[in-house]
Amino acid sequence: MLVEVLLAIAVAALVLVGLAQLSTRSLTTSNFSRSKSQADVYAQEAVEVIRNERNARGWSDFFTNYSCDTLDGALTGGFTRNATCTKVTGSPETVAVTVIVTWAEAGKAFTARQETNLNQY
């Protein structure tokens, strides 16, 4: 009978360890998902700001003078954003927008990226 009790305790301990690991992994995944969603929001926000600048300035001034650098830098929550606007001459003129948001979590670096092309409308 003592062997059966010890075996039951060992099985229960293994189940509890498995549940603890599952719970830890679930929390890690949840935190990463929250951070990824926030990074996507920050990246999309920058794309929308740039698009609004194109609409407000008009194409000629936007294409000639606008710089994405004003959107670069540290953001709330440990995120960093870098926006790049690459002017492509030709027909039609295009501005290729790339926004990269980076953050660190659990000792690893992660990125979220948004890209779009803006044309004269």
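Good morning. A surface patch, as the term is used here, is made of residues with over 30% relative accessible area and no salt bridge, and nonpolar side chains are joined into one patch when they lie within 5 Å. With that in mind, I turn to the structure above, which is a predicted model.

Let me begin with the patch itself. Leu7, Val11, Val15, Leu16, Leu19 and Leu22 together make a nonpolar surface patch of about 600 Å². One of these residues, Leu19, lies in helix 1, which spans residues 2-57. Is Leu19 buried, partly exposed or exposed? Its relative accessibility is 47%, so Leu19 counts as partly exposed.

From helix 1, I move to the sheet. Here 4 strands form an open sheet in the order 1-2-3-4, with antiparallel pairing. Strand 1 and strand 4, the latter covering residues 108-119, are the edge strands, and each of them pairs on one side only. From one strand to the next, the twist averages 25°.

I shall take the strand pairs in order. Strand 1 and strand 2 run antiparallel and are joined by 3 bridges. Within this pair, Leu75 stands opposite Phe79 of strand 2. Next, 9 bridges connect strand 2 with strand 3, residues 94-105, again in the antiparallel sense. In this pair, Cys85 faces Val97 of strand 3 as its opposite residue. The two strands form a hairpin with 5 residues between them, and Gly90 in the turn has a positive phi of about 140°. Finally, strand 3 and strand 4 pair over 12 bridges, also in the antiparallel sense. There, Ile100 stands opposite Arg113 in strand 4.

The hairpin of strand 3 and strand 4 deserves a closer look. Between these strands there are 2 residues. Which residue in this turn has a positive phi? It is Ala106, with a value of about 55°. As general background, most residues other than glycine have a negative phi. Ala106 shows a positive phi although it is not a glycine. Ala106 is placed in the loop between strand 3 and strand 4, and at 74% relative accessibility it counts as exposed.

I now come to the covalent link. How many disulfides does a search of the whole structure find? The search finds 1. The disulfide is formed by Cys68 and Cys85, whose sulfur atoms are 1.6 Å apart. This pair links distant parts of the chain, 17 residues apart: Cys68 sits in the loop between helix 2 (59-65) and strand 1 (73-75), while Cys85 belongs to strand 2, residues 79-88. The two partners fall into separate classes of exposure. Cys68 has a relative accessible area of 2% and is therefore buried, the limit for that class being under 20%. Cys85, at 22%, is partly exposed. Cys85 thus appears twice in this account, as a disulfide partner of Cys68 and as the residue opposite Val97.

Let me turn to charged pairs. The count of salt bridges comes to 6, and I shall describe some of them. Glu45 forms a salt bridge with Arg81, their closest N and O atoms being 3.1 Å apart. This pair links distant parts of the chain, since Glu45 is in helix 1 and Arg81 is in strand 2, 36 residues apart. Which class does each partner belong to? Glu45 counts as partly exposed because its relative accessibility is 41%, whereas Arg81 counts as buried at 8%.

A second salt bridge joins Glu53 to Arg57, with the closest N and O atoms 2.8 Å apart. Both residues lie in helix 1, 4 residues apart, which is about one turn of the helix. Glu53 is partly exposed at 26% relative accessible area, and Arg57 is partly exposed at 34%. Salt bridges with shared partners join Glu53, Arg57 and Asp61 into one network.

A further salt bridge brings us back to strand 4. Arg113 forms a salt bridge with Glu115, the closest N and O atoms being 3.1 Å apart. Glu115 is exposed, with a relative accessible area of 53%. Arg113 also has a neighbour far along the chain: the C-alpha atoms of Asp40 and Arg113 are separated by 7.3 Å, although the residues are 73 apart in sequence. Asp40 lies in helix 1 and is partly exposed at 26%.

That concludes the presentation. Thank you for your attention.

How values were computed:
Residues numbered from 1 in each chain as written. Predicted model: local features only at pLDDT ≥ 70, side-chain atom pairs only at ≥ 80, totals over all residues. Heavy atoms only, no water. Disulfide = S-S within 2.5 Å. Buried < 20%, exposed > 50% of the residue type's maximum accessible area, 1.4 Å probe, protein only. Pairing = 2+ DSSP bridges. Axes fitted to C-alpha atoms, helices over the stretch in contact; angles between N-to-C directions. Patch = residues over 30% accessible without salt bridge, like charges linked within 9 Å, V, L, I, M, F, W, Y side chains within 5 Å. Areas by Shrake-Rupley, 256 points an atom, 1.4 Å probe, with all protein chains shown as cover. Salt bridge = Lys/Arg side-chain N within 4 Å of Asp/Glu carboxyl O.
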